[in-house]
Amino acid sequence: MVTMILLGGLGLVAAFAIYVRLAPSDPARWNISLPMDAPDDCMVRPARGSASVSCLIAEDPTVLLRQLEGIVLATPRTTRLAGSPEEGRITWITRSRLWGFPDYTTVQVSQTCTGTRIDIFARLRFGGDDMGVNAGRLSVWFARLTAE
């Protein structure tokens, strides 16, 4: 009886792991326009299960997105879901090492009279708390971007 319960539990864990890795990622759901009402203070703002940053940078929007994409795609287990530098918005998926949980990061840029506004929003798909993973990743990416 105990063996059957353990095997059943193991089967549920395996089914969940397979679902997490194979669940489709709909670009219409994740590559969304970001609200432009966040302060452009260049500070990573962590929240439960997500993080965001907004900033004004003196750089061409397309060049800025290309630079950021180079940084992002150098991150292990990260791929582009949708968008392009020419569109002004890109969404990437970064998966956790062990379970393959997907985190979605969307960046959009727009030209303003004072420079290029960049808005980045990273969020998890499964669960309620990412234990600061998205904020940490955004901090690294943003530090590399502003150092270049």
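**Exercise 1. Strand pairing around β6**

In this predicted model, β2 and β6 pair in the antiparallel sense over 8 bridges. Find which strand is joined to β6 by 10 bridges, and state which residues stand opposite I118.

*Solution.*

Step 1. Strand β5, residues 102-112, is joined to β6 by 10 bridges, and the two run antiparallel.

Step 2. Look at the connection between these strands. β5 and β6 form a hairpin, with 2 residues between them.

Step 3. Take I118 in β6 as the reference position. C55 stands opposite I118, and V109 also stands opposite I118.

Step 4. Check how β6 is covered. Strand β6 spans residues 115-124, and 9 of its 10 residues are buried.

**Exercise 2. The cysteines**

Determine how many disulfides the model has, and which cysteines are joined. Then place C113 with respect to C55.

*Solution.*

Step 1. A disulfide requires two cysteine sulfur atoms within 2.5 Å. C42 and C55 meet this condition, with an S to S distance of 1.6 Å. The count for the structure is 1 disulfide.

Step 2. Consider the geometry of the link. The angle about the S-S bond is 60°, and the link of C42 and C55 is right-handed.

Step 3. Locate the two ends. C42 is in the loop between α2 (27-30) and β1 (45-47), while C55 is in strand β2, residues 50-57. The two cysteines are 13 residues apart, and the pair links distant parts of the chain.

Step 4. Compare their surroundings using the relative accessible area. C42 has 30% and is partly exposed. C55 has 3% and counts as buried.

Step 5. Turn to C113. C113 takes part in no disulfide, and the nearest cysteine sulfur, that of C55, is 15 Å away. The relative accessible area of C113 is 82%, and values over 50% are classed as exposed, so C113 is exposed.

**Exercise 3. Salt bridges**

State how many salt bridges the structure holds. For the pairs R45 and D41, R137 and D103, and R117 and D119, give the N to O distance and say whether each residue is buried or partly exposed.

*Solution.*

Step 1. Start with the principle. Side chains of opposite charge can pair when their charged atoms come close.

Step 2. The total is 5 salt bridges; the three named pairs are treated one at a time.

Step 3. The side chains of R45 and D41 meet at 2.9 Å, N to O. R45 has a relative accessibility of 23% and counts as partly exposed. D41 has 37% and is partly exposed too.

Step 4. R137 forms a salt bridge with D103, and the closest N and O atoms are 3.2 Å apart. R137 lies in helix α4 (residues 133-147) and D103 lies in strand β5, so this salt bridge ties together parts that are 34 residues apart in sequence.

Step 5. To classify this pair, use the limit for buried residues, under 20% relative accessible area. R137 has 13%, so R137 is buried. D103 has 9%, so D103 is buried.

Step 6. In the pair of R117 and D119, the closest N and O atoms are 2.9 Å apart. R117 and D119 are both buried.

**Exercise 4. Aromatic rings**

Give the number of aromatic pairs. Classify the pair W30 and Y104 as stacked or tilted, do likewise for W99 and F101, and name the rings that form a cluster.

*Solution.*

Step 1. The structure holds 7 aromatic pairs.

Step 2. The rings of W30 and Y104 lie 3.9 Å centre to centre, with 5° between the planes. Planes under 30 degrees apart count as stacked, and W30 and Y104 are therefore a stacked pair.

Step 3. Place this pair in the chain. W30 is in helix α2 and Y104 is in strand β5, 74 residues apart, and the pair links distant parts of the chain. Both W30 and Y104 are buried.

Step 4. The rings of W99 and F101 have their centres 6.5 Å apart and their planes at 45°, so this pair is tilted. W99 is partly exposed at 33% relative accessibility. F101 is partly exposed as well, with a relative accessible area of 27%.

Step 5. Extend the view to the cluster. F16, Y19, W99, F101 and F126 are linked into a cluster by ring pairs.

How values were computed: Residues are numbered from 1 along each chain as its sequence is written. This is a predicted model: local features need pLDDT of at least 70, side-chain atom pairs count only at pLDDT 80 or more; totals for chains, interfaces and linings use all residues. Side-chain values use heavy atoms; hydrogens and water are left out. Helices (H or I, at least four residues) and strands (E, at least two) are DSSP runs, numbered from the N terminus. Buried means under 20% relative accessible area, exposed over 50%, partly exposed in between (1.4 Å probe, protein chains only). Two strands pair if DSSP finds at least two bridges between them. A salt bridge is a side-chain nitrogen of Lys or Arg within 4 Å of a carboxyl oxygen of Asp or Glu. Rings of Phe, Tyr and Trp (its six-membered ring) pair if their centres lie within 6.5 Å; planes under 30 degrees apart count as stacked, over 60 as edge-to-face and the rest as tilted.
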